[in-house]
Amino acid sequence: MQTFGRRSMLAGMMALPALRAAARSPAAAPSPADRLYRQAIVLNGNLAGPFSDTKPLPARDAKEIRQSGITAFKTTLGGSGSNRADTIEEIAFFDAAIAANRDLFVKVRDVGDIAAAKRAGRVGIIYSFEGASMLEGKIEAIDAFRASGVLVMGLSYNVTTPFASGVLSRQSTGLTELGRQAVARMNAQGVTIDVSHSDEPSSLAAIAASRRPTLVTHAGCGAVHPHPRNKSDALIRALANSGGVIGIYELSFIAGGRKQQSLDDYLAHLTHALKVAGEDHVGIGSDALVGRFDTSPANMKMWNADIARRKASGVGAPGEGPPPFVEGLNRADRMEVIARALAKRGVRSAAIEKILGTNFQRVFAETWTAG
């Protein structure tokens with residue numbers, strides 16, 4: 001088995017078979033929210049897939065993913081400090097893993113592949129970078145990685161890069177001149193810009209500089225719970241005014257203390273984002289595993305060791321520690337649970353459908369064409 005970066009490590013922490021115990025009884029009558037979910041484009045803005053090997057997944061695991069109802073998800077390649085050569089190798093690994101599971105997964109290369117995946121009963125995988133270290137400060141690297149199928153790219157991952165400062169940067173540089181060139185190049189090459197890990201000055205400048213909508217694929221709302229990774233109302237409004245979308249994550253940063261974050265914690269951020277940005281500009285970017293996170297002692301030991309490594313390297317955000325899932329959402333069909341919860345809170349069906357995926361789909365349609 002060969003693995004790459006933190007996302008591949010996370011894939012090894014998945015325990016899909018246990019999901020069957022949490023599934024809804026087959027005899028239960030589907031609710032209107034359930035029927036809506038099954039018809040909708042269900043697109044998660046950030047998940048770690050089960051790609052820890054290039055062999056076919058066990059049949060029972062593949063069945064769990066297929067029955068989750070997810071249409072597509074964006075997944076991260078390259079770690080916060082990955083270089084160009086290692087990232088090229090990782091792309092080849094992911095390509096091979098998807099090819100080995102072609103009856104279940106499809107690599108998304110254009111926006112039409114998302115709807116095609118839905119029709120075919122497969123799950124689309126959208127390649128992305130959260131950081132920019134693999135660009136090695138070279139604008140032309142954007143072109144090469146776009147040609148390899150990387151459709152979403154960030155400018156900084158928590159710390160400062162040649163392009164922008166991150167949410168943990170001690171001193172903000174904002175969007176640098178090279179960063180402005182990167183924004184222009186991403187626009188020209190058909191790459192979606194993601195400022196999830198960039199600080200507020202850099203993010204606002206990138207939104208203003210971009211000719212196309214910008215994304216925050218996975219974050220929370222600072223007004224609900226202050227944290228460097230959560231976004232201010234001013235930033236959320238600027239994102240929405242430019243046509244962009246914010247995806248709400250499940251990380252411990254949505255709540256204070258060391259407790260495991262709850263569904264109420266999650267919905268507080270989601271409903272606040274709806275209030276600030278409007279229903280056309282909010283999505284779901286769980287930043288979790290596509291399946292269930294394994295909380296066994298052995299697995300938690302590995303998780304805690306990774307948290308310690310992140311803190312030592314300077315990229316770990318304050319409050320990292322609790323596993324990356326909301327209680328009640330640690331399952332492959334998490335987005336159906338969210339749809340039901342929103343319906344119970346009176347969110348109208350058309351808005352739920354947008355949150356489930358068509359908001360992200362719209363931005364991808366507007367940003368993945370070159371020119």
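Hi everyone. One term before we start: exposed here means over 50% relative accessible area, and buried means under 20%. Please also keep in mind that this is a predicted model.

Let me begin with the whole chain. The protein chain has 13 helices and twelve strands. Its radius of gyration is 19 Å, close to the 21 Å that the globule rule gives for 371 residues, so the chain is as compact as a globular protein of that length. Along the principal axes, the C-alpha trace spans about 60 × 45 × 40 Å. Of the 371 residues, 59% count as buried. As for the surface, the chain exposes about 13,700 Å², and carbon and sulfur atoms supply 54% of that area. If we take the contacts with a separation of 6 or more, 76% of them come from residues 24 or more positions apart.

Now, helix α11, residues 297–313. Its 17 residues should span 24 Å at 1.5 Å a residue, and the end C-alpha atoms are indeed 24 Å apart, so the two values agree. Which residues of α11 are buried? They are N299, M300, W303, D306, I307 and R310. These buried residues cover an arc of only 120 degrees around the axis, which puts them on the same side of α11. There is a simple rule behind that kind of pattern: an α-helix has 3.6 residues a turn, so residues three or four places apart point the same way. Over on the other side of α11, we find P297, A298, K301 and A312 exposed. And just after the helix, G314 takes a positive phi of about 90 degrees.

Let's go inside. The largest nonpolar core has 83 residues, and those with the most contacts inside it are F105, F145, L155, I246, Y266 and L270. Helix α10, residues 263–277, gives the most to this core, with seven residues. There is also a second, separate core of 14 residues, which includes I41, A72, V245 and F360. To pick one residue from the largest core, F105 touches P50, F51, L57, I65, I98, R122, V123 and I125, leaving out residues up to four places away in sequence.

Back to α10 for a moment, because D265 sits in that helix and is buried, with a relative accessible area of 17%, under the 20% cut-off. Beyond residues up to four places away in sequence, D265 touches I254, A255 and K259.

Next, have a look at F73 in strand β3, residues 72–76. Is F73 buried or exposed? It counts as buried, at 0% relative accessibility. Setting aside neighbours within four places in sequence, F73 is in contact with N44, L47, G49, V123, G124, I125, I126 and V290. F73 and A48 are 25 residues apart in sequence, while their C-alpha atoms are 8.8 Å apart in space.

I'll finish with two loop residues. E136 lies in the loop between β5 and α6, and has a positive phi of about 55 degrees although it is not a glycine. N158 is in the loop between β6 and α7, and its phi is also positive, near 70 degrees, again in a residue other than glycine. How do they sit relative to the surface? E136 is partly exposed, with a relative accessible area of 39%, whereas N158 is buried, with a value of 1%.

Thanks, and I'm happy to go back to any of these in the viewer.

Definitions and conventions: Residues numbered from 1 in each chain as written. Predicted model: local features only at pLDDT ≥ 70, side-chain atom pairs only at ≥ 80, totals over all residues. Heavy atoms only, no water. Helix = DSSP H or I, 4+ residues; strand = E, 2+ residues; numbered from the N terminus. Expected span 1.5 Å × (residues − 1). Buried < 20%, exposed > 50% of the residue type's maximum accessible area, 1.4 Å probe, protein only. Arc of directions from axis to C-beta. Core = buried A, V, L, I, M, F, W, Y, C linked by side-chain atoms within 4.5 Å. Contact = heavy atoms within 4.5 Å. Rg over C-alpha atoms; globule rule 2.2 N^0.38 Å. Areas by Shrake-Rupley, 256 points an atom, 1.4 Å probe, with all protein chains shown as cover.
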